[in-house]
Amino acid sequence: MKTLFQLFLLVFVSTTIYSQKLLEEVTIKSGRILTPFNEENRSLIIVDSTYLQNTTAKNLSEILQQIIGVDIRRRGNDDIQTDLYVRGGSFDQTLLLINGIKLEDSQTGHHQMNLSLPTHLIERIEILKGPGSRIFGMNAFNGAVNIITKKNADKRELKLGYGSFNTLDVSSTIPINSKGSSNILSATFKNSDGYRYNTDYNYFNFFYSGNINIQDSELDILYTNSDRKFGANGFYASPQAKDQYEETNASLLNIKISRQSNEIKSESSVFWRRHEDTYIYLRNNPDFYKNNHTSHKVGFLSNVSFMSDIGITGIGIDLSNTWLESNNLGKRNRFISTLFVEQLLKKGKFNITPGVAFSIYEKPNNDIFKSKLFPGVDLSFTVNKDIILHANVGETFRIPTFTDLYYSDPNNEGNENLDPEKAFTNEIGLRYLKNSLQLSISIFSRKSSNLIDYIKSDPDGKWSPQNIKNVTTNGLEIDSKYLIGDNGSIHFGYAYLNDNYKQDALSRYSLNSYKHRILMSFDHKLSTYVSQFISFRYGVRENQSDENDKSVIDYRIGFKKERWETNIYLNNILNSKYYETNLVEMPGRNISINWKLIF
């Protein structure tokens, strides 16, 4: 009854992510072909800068928690250690990108979100739900999240925040602009005692973005480094493992040049990603058990679009080499090359985009290289200027990580005999945009074979990755948004997901999805200078008991003038007891306040 009352209340005081006018102007970058959103024929969500500024979310994880079809599983507070899921599956099956550069980690998908950026540096987020292998290659098994960073800023900003658990948040952003170029320098520092024993953390992020115009070309340079040190109470082992500790340091350098003419658009990038991870089982006794992993990924990415009478042809190539040095996993190396081709065909009210990706990779269990083809096709039909029907089918593929294959510790044991994962996905949907109302409905099905999940046959055994045969996942997503004039907006979303499989062992990751998920929010401008935002989320996982209240409500009220801004955040105001992963209890009711000076 309590939950039903909350749902009823939030329906009347529930944000939209974007307006229809903005949607029509946005060009999608999550693909080989640049297309306007209103011509997009995939299941895609845009999170724009207005939403990023207004929301109750203070970091990327909390933002993605408010997106239907996305499952964020945090260990601890404030985006320090997070796993990213889209439409079920595992964290290894969802791809995170920054400006189109893939952040997948051959060691483990746990590390992808270690490079998540502070929200004030993000221009928008493009979330592709469904098979993405023919667009991004392997690891975009269930979807992809592409962070588009800001290229320029007009004013300097200084932010200071403080909150529960002695949490300190300080950031500074400085634009350096000149004729023909724009640059952004930013640094963010966070520190907290933690909300329970051994969940303290230190976080530092440095960010640089440079944009230079050179005649008909544009040069972009991005460098970011994220350093995290945190107590990991129960993060990876059993809940009794309270003294775990971890340090991670992640960097990304990307140099991109773009050219555009009337008939040809091209983008080419050279990038380097580095990740270092130190894990200690007993924080005060590192010699008892300690892991050190350092990985590098160097790559080249190039996409070209050709406009012609038949539509747009997109061709891309992605070459990357990853090497890892680890006291547990040993010295490992993996080279992957992928060629992409897709064709956008426009015929009356129909948009058809067939495409294929061809990858060559090293087989997990020997030195023989193998190739794989990822075909797929997207289709949309414009009923009228307000209604678009869309459908897609595609094959996806993922090779095991080095952790899946070789990792060993007191609680986990790798499996060198794993086979790659495969899946075939199909989806149909509807998108409606008219005036203040926006509605999308999607129905999808995914048939997976050789799905990798960590399981154990008894509670006292070790977690070990295994190939689970013939898993069928069916889902429904409804997302609706309504603008209330110029003063606010209401958002309601519902998702249903069902995994059909036979399994006698305990599942750790991929088969513990939200069976039911409800999201609601309300964005309201009280006056010219005062605004508020309230968000609600409720979810039931497949293997979760009903003994804990799973309703979470967050609230933000903001006061803004020309030169300064103040925001007060009330999180989990019902003081609900809930878990997102591995029996790690999330924080109860907490508060924070930040001040931002603009000059």
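A cavity, in the sense used here, is a set of grid points where a 1.4 Å probe fits but cannot get out. Keep that in mind as we walk through this predicted model, because rolling a probe the size of a water molecule over the atoms shows where empty space is left.

Let's start with the whole chain. The protein chain has 599 residues, and 58% of them are buried. Its secondary structure comes to 6 helices and 36 strands. About 24,300 Å² of the chain is exposed, with carbon and sulfur atoms supplying 56% of that area.

Now for the space inside. The largest cavity holds about 350 Å³. Its lining has 25 residues, and Thr108, His110, Tyr236, Thr403 and Tyr407 are the closest to its centre. Two or more lining residues come from each of strand S16 (264-280), strand S17 (290-308) and helix H6 (402-406). By class, 12 of the lining residues are polar, 7 are nonpolar and 6 are charged.

Follow those two strands next. S16 and S17 run antiparallel and are joined by 17 bridges; here Ser266 stands opposite Val304 in S17. On S17 you can also find Ser302, which stands opposite Ile317 in S18. S17 pairs with strand S18 (residues 311-326) over 16 bridges, again in the antiparallel sense, and a hairpin of 2 residues joins S17 to S18.

Finally, look at the nonpolar cores. The largest has 35 residues, and Val47, Leu64, Val70, Leu84, Ile125 and Ile127 have the most contacts inside it. A second, separate core of 22 residues includes Ala237, Leu329, Tyr407 and Leu418. Tyr407 thus brings us back to the cavity, as one of the residues closest to its centre.

Technical notes:
Residues numbered from 1 in each chain as written. Predicted model: local features only at pLDDT ≥ 70, side-chain atom pairs only at ≥ 80, totals over all residues. Heavy atoms only, no water. Helix = DSSP H or I, 4+ residues; strand = E, 2+ residues; numbered from the N terminus. Buried < 20%, exposed > 50% of the residue type's maximum accessible area, 1.4 Å probe, protein only. Areas by Shrake-Rupley, 256 points an atom, 1.4 Å probe, with all protein chains shown as cover. 1 Å grid on protein atoms, 1.4 Å probe; cavity = no way out; pocket = protein on both sides within 12 Å on 5 of 7 lines; lining within 4 Å. Points joined across faces, edges and corners; volume = space filled by probe spheres on them. Nonpolar A, V, L, I, M, F, W, Y, C, P; charged D, E, K, R; others polar. Core = buried A, V, L, I, M, F, W, Y, C linked by side-chain atoms within 4.5 Å. Pairing = 2+ DSSP bridges.
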